[in-house]
Amino acid sequence: MQRLQILSLLLWVCALFYVGIYLFVGGFLLVRLEVNRSSTCEDVLLPGGQQRDFCHAKPRFRRAVLLVIDALRYDFARFDRANAAPRHHENKMPVFEETVSSRPLHGRLYNFRADAPTATMQRIKGLTTGSLPTFIDVGNNFASSAVLEDNLVHQLVRLGKRVVFMGDETWELLYPKTFHRSLPFHALNVRDLDTVDDGILRHLYATVAGDDWDVVIAHFIGVDHCGHSFTVDHPAMAGKLAQMDGVVRSAMEHVQNDTLLVVMGDHGMTDAGDHGGESRKETDAALFLYSPSPLFPGPPSKDEPQVVPQTDLVPTLALQLGVPIPYSSVGQVLLPLFPPHRSQNRTGGLGQSEALWINVKQVNRFLKTYSSMAKDLPENSLSKLQVEFSHISAEYLASVRNGLPPSPELVVFMQSYLTSVRETCQATWARFNLLKMAAGLTVLLFACLLCFMLSELSRVLVNESALLKANVAAALSVGFCVAVGQLFVWGHVEVAWCLAATALVSELMAFWWAYQAKASTATGGNRAKAQKRASWLSLHSFFVPPLVVLLLRDASLFSDSYVIAEGHVVTFLVFSLALYVPIHLNWDGLLLSPNHDLHKPARPSPVALSPVAIWKESCTLLASVGLLAGSLYLSLFFHSCWEEDQASCKPSPFLTPLSRLQDGQLKNVHCILALASLSLWTHLSRRWLRRHRILDSSGGGAAFTARWILPLLSMCLGLNWAVGATPEGSFRNVAELIGMAQVALPRTIFSLLGIGMLLLWLDPLTVFLKTRTAAAPGPPPPHYRATISIGPRTELHHLVPPDRARRSTGDGKSGGGRAEMDGRPAVEEAYGLGTVYSAPLLLFCGLLGVGLLLLHPEGMALSFLLLLLETGAILHTHASSATLGHLHGRTHPGGLYVPWTPVVLWCLSATQFFHATGHLSTFPSIQWDAAFVGFPGGHASGIALPATLVTLNTFSSHILFAAGCPLLLFWPLVRGSSWRAREEEEEGKDFAMETRLRENPQRFGSALLQLSARCLFVHGTQLFASACAAAILRRHIVIWKVFAPKLMFEAAGFLVTSVFLLIGIALVMRVDVAVGGRFKRFIPELSLAQ
């Protein structure tokens, strides 16, 4: 087998996909241009153009206390007296309603609406800069970088204000070395509800009572963590909200008349406790403003805004505290905080019209600067806004010159102008680089076509090593020339265009080779061979039924409704394609014996047909399809729900960890199902290995892993579930022991998994070799044999069971008890040769499954069991279909061959079980708890490990199906071996199961390459369709809610799939090397066909 050539071709194709992803994402998810300018005290923003000492005039408030309660949803802060039976998150913070009703001039509660994405880092940026975040920033939520754009914190510090911070360490990461004093706390452990909050409370009141501060920022995190850990309707949430109610009451008692108290949530949360999207429950937070001195000019009126955008807080606080509005702010001052008319003695006495005028001039200045630096804002919108500003400026300055107050109509017009600016920026700040997007789509499209070409021309390309070398060398040369040209023309190198040139040239050269192959059919030479090379170019080859199903799947990605219902759509497509298999076989007359109708002449066949064998295979196929249908149906009970589907959809109760279940009976049921499913997973895996004599060996890394490590992993996982199911606060006497177990057991599982993987790689053979002894002479060779290609003159005889082989000695005698021959042991029997490739791969997937299950809630064990049953059903359906074709003489001319139908079924099942493990293509649905498995106290060494754990959790189904993909090639050789052995024994034929793969290494390699290319094609077309949908619908209303997250998940899923597909192929090749090395050791005089 040309192992290096196959891996090189697959790595080349994967690299092309990676370049396409990089280019498209780089053009689609660009961060908006940040204006590197800051507002200063010298900016002329006051009425009439006169310069004043704006910053050093006495502000309305000398101090401010900002209490940020993470994920304080608006309805958490409301109090409904008519609600006689409030839920755990309702009516727990009456302080706001009491203050607003009893002291309406001192406090107000507003619906504080955030902009998506509703992740903490983006919200902090918005709350301090007054600008709008971009979608791509959501990826930085766990790797926050310092804010360079002008912001409220920098303005306060620049004017000598002493800003004290305590709470979520994200602030310290965004504003390093900025605060007068800082008490950051690590806040990523969502199971820790109290450490951060209690740490704040130890210092908050003492700090406020002192005099060494001007602004205090305290960021509480407990409410957010409570939602992530227990959902909103949980007793723990009631306790947290009650605690925050007490915090607000105490803060109100400590602040003085010159202090403004601001209590706010940075975002909300769904009922499941998640956030990150743009549903109303995620974007609607609470904002409470209070001061012991009268804060509002009058009681609440109907004209007051019901919803306050979060960007509006920045200009409002800036003018109240006497600092310039940050340069890039697009917020609008909150008018109720300003008196209708201006007070002449202080800046803080600005009236509503004066505050709006300063705000309008600041926004207009930013708009001019930004539009001169970036050309993404529409020209017609800019022109319209400029006309509006000119009208406002002329009318306002005229009223100032005449000594008259601005008219109410002008105030409304200024508000309308500020709203229009914000909406214009919000609509266009998804800056798209169309050229990069087009280049990325082109690379992805060509990569998909290359995969199709590889699958159709695999037998030719597996030996064309010079073609790949020349292709890569030429492409890299072109990329280097592009880089040199950029240096001469631009003075710098943009890596994206170098990669684009390299990828496109490489793909075009490959297509040119294919075109030359087609052109050669018109000339002399080997016409048949050239025709085979060119046949893939016909459109007919693209429109076979399984590829039509794949086309329907790709088309569904262009509809937001279908993306939201993706779990059900893919389940339906998998079921439809599974039904197509028996229908197609029956249509071709292969499902039943052709002799069932005596009135019809028998169809000629090159093999002897056995009606019993055909009937048995037909029943097996139909039973497999039925098992597949049942698994698909049951998997629907494990789906999660989109926010839009909450009315008609309820998330699976199996997604809730045992520790969070309140119903004891339900907890017991879930626990029993989880343990039973885990036991069945292990039992079925070991039973298959035992059936093929894999567990009989007393030595070897693979056998040791199968015999000991796999069951030990399951035992540790069951114990870990039992420990994790312990409710918090119970068994106080052994609480420390339980805490140690929650750390030790997962880490033990990780260690055992690593040891098992290492042993499997070092010694992957599951072949059991027996040496002869004098006491037990060997029996004579049997009638049927299995020839394996360890040399042209060597045969290993296949004994019953068909996984055992014997080396021929000529006379069949024991050899006089001689234990060694030329210093090497003389082998009598070899067990496991029939599953020499599939057994290590199956064991690898079994280990992976247990390890990935550790990262999921306990209830997902049943879903993983369904995944195992579904994969078995697909494999048996494929094997039975291939066997029926063989019995009727319908074999592929190339021998080893995996049709499109099982490949598409296999790959779509990865997406189907992505949803059946409780995942969705949305950021709020990410199961963040996986990051803390084995690390309940958090990670102190960075984000690499938690990010890896979350990735493994999210794409578990992609990992398992990708790593197990080569089983599609091996299973027809393994399944059905018993009756085929009997059939071929009667005919005197050799039967060797997987050992026949070594008879023709070139054909084996080409089949492996073809299967891998088809798998990459299926996943690549879904990625390409998702990218096309995002590009075409980039101005769609739900682009950032549906299509952009879907693109990100599809791209990440492809990356994970390709990596583990390569790992699975590498493991097969490692086994192939080990097989050759093992028999070369015992039979050195014979050359192995590699």
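**Close-up views of a predicted model**

**Figure 1. Secondary-structure elements around the largest cavity.** Five elements each supply at least two residues of the lining of the largest cavity: strand E1 (63–69), helix H4 (120–129), helix H5 (152–158), strand E5 (215–220) and helix H11 (313–321). H5 gives the most, with three residues. The model shown here and in the other views is predicted. A search of the whole structure finds eleven cavities of 30 Å³ or more, and the largest holds about 100 Å³ of space.

**Figure 2. Residues lining the largest cavity.** The lining consists of 13 residues. Nearest the centre of the cavity lie Leu66, Leu152, Leu156, Ile217 and Leu317. Twelve residues of the lining are nonpolar and one is polar, while none is charged.

**Figure 3. A nonpolar surface patch that includes Val495.** Tyr22, Leu487, Val493, Val495 and Leu499 make a nonpolar patch of about 430 Å² on the surface. Val495 belongs to helix H18 (residues 495–519). With a relative accessibility of 48%, Val495 counts as partly exposed.

**Figure 4. The salt bridge between Arg81 and Glu97.** This pair forms a salt bridge in which the closest N and O atoms are 2.9 Å apart. Arg81 lies in the loop between helix H2 (74–77) and helix H3 (95–102), and Glu97 lies in helix H3, so the pair ties together parts that are 16 residues apart in sequence. Arg81 is exposed, with a relative accessible area of 61%, whereas Glu97 is partly exposed at 22% relative accessibility. The search of the whole structure finds 24 salt bridges.

**Figure 5. The salt bridge between Glu304 and Arg108.** The closest N and O atoms of the Glu304 and Arg108 salt bridge are 3.0 Å apart. Glu304 sits in the loop between strand E7 (284–290) and strand E8 (307–309), and Arg108 in strand E2 (residues 107–113); the pair therefore ties together parts that are 196 residues apart in sequence. Both residues, Glu304 and Arg108, are buried.

**Figure 6. The salt bridge between Lys1046 and Glu566.** The side chains of Lys1046 and Glu566 meet in a salt bridge at 2.6 Å, N to O. Distant parts of the chain are linked by this pair, with Lys1046 in helix H35 (residues 1039–1082) and Glu566 in helix H22 (residues 566–587), 480 residues apart. Lys1046 is buried, with a relative accessible area of 5%, and Glu566 is buried at 2% relative accessibility.

**Figure 7. A salt-bridge network.** Arg73, Asp75, Asp271 and Lys281 are joined into one network by salt bridges that share partners.

Methods. Residues numbered from 1 in each chain as written. Predicted model: local features only at pLDDT ≥ 70, side-chain atom pairs only at ≥ 80, totals over all residues. Heavy atoms only, no water. 1 Å grid on protein atoms, 1.4 Å probe; cavity = no way out; pocket = protein on both sides within 12 Å on 5 of 7 lines; lining within 4 Å. Points joined across faces, edges and corners; volume = space filled by probe spheres on them. Helix = DSSP H or I, 4+ residues; strand = E, 2+ residues; numbered from the N terminus. Nonpolar A, V, L, I, M, F, W, Y, C, P; charged D, E, K, R; others polar. Patch = residues over 30% accessible without salt bridge, like charges linked within 9 Å, V, L, I, M, F, W, Y side chains within 5 Å. Areas by Shrake-Rupley, 256 points an atom, 1.4 Å probe, with all protein chains shown as cover. Salt bridge = Lys/Arg side-chain N within 4 Å of Asp/Glu carboxyl O. Buried < 20%, exposed > 50% of the residue type's maximum accessible area, 1.4 Å probe, protein only.
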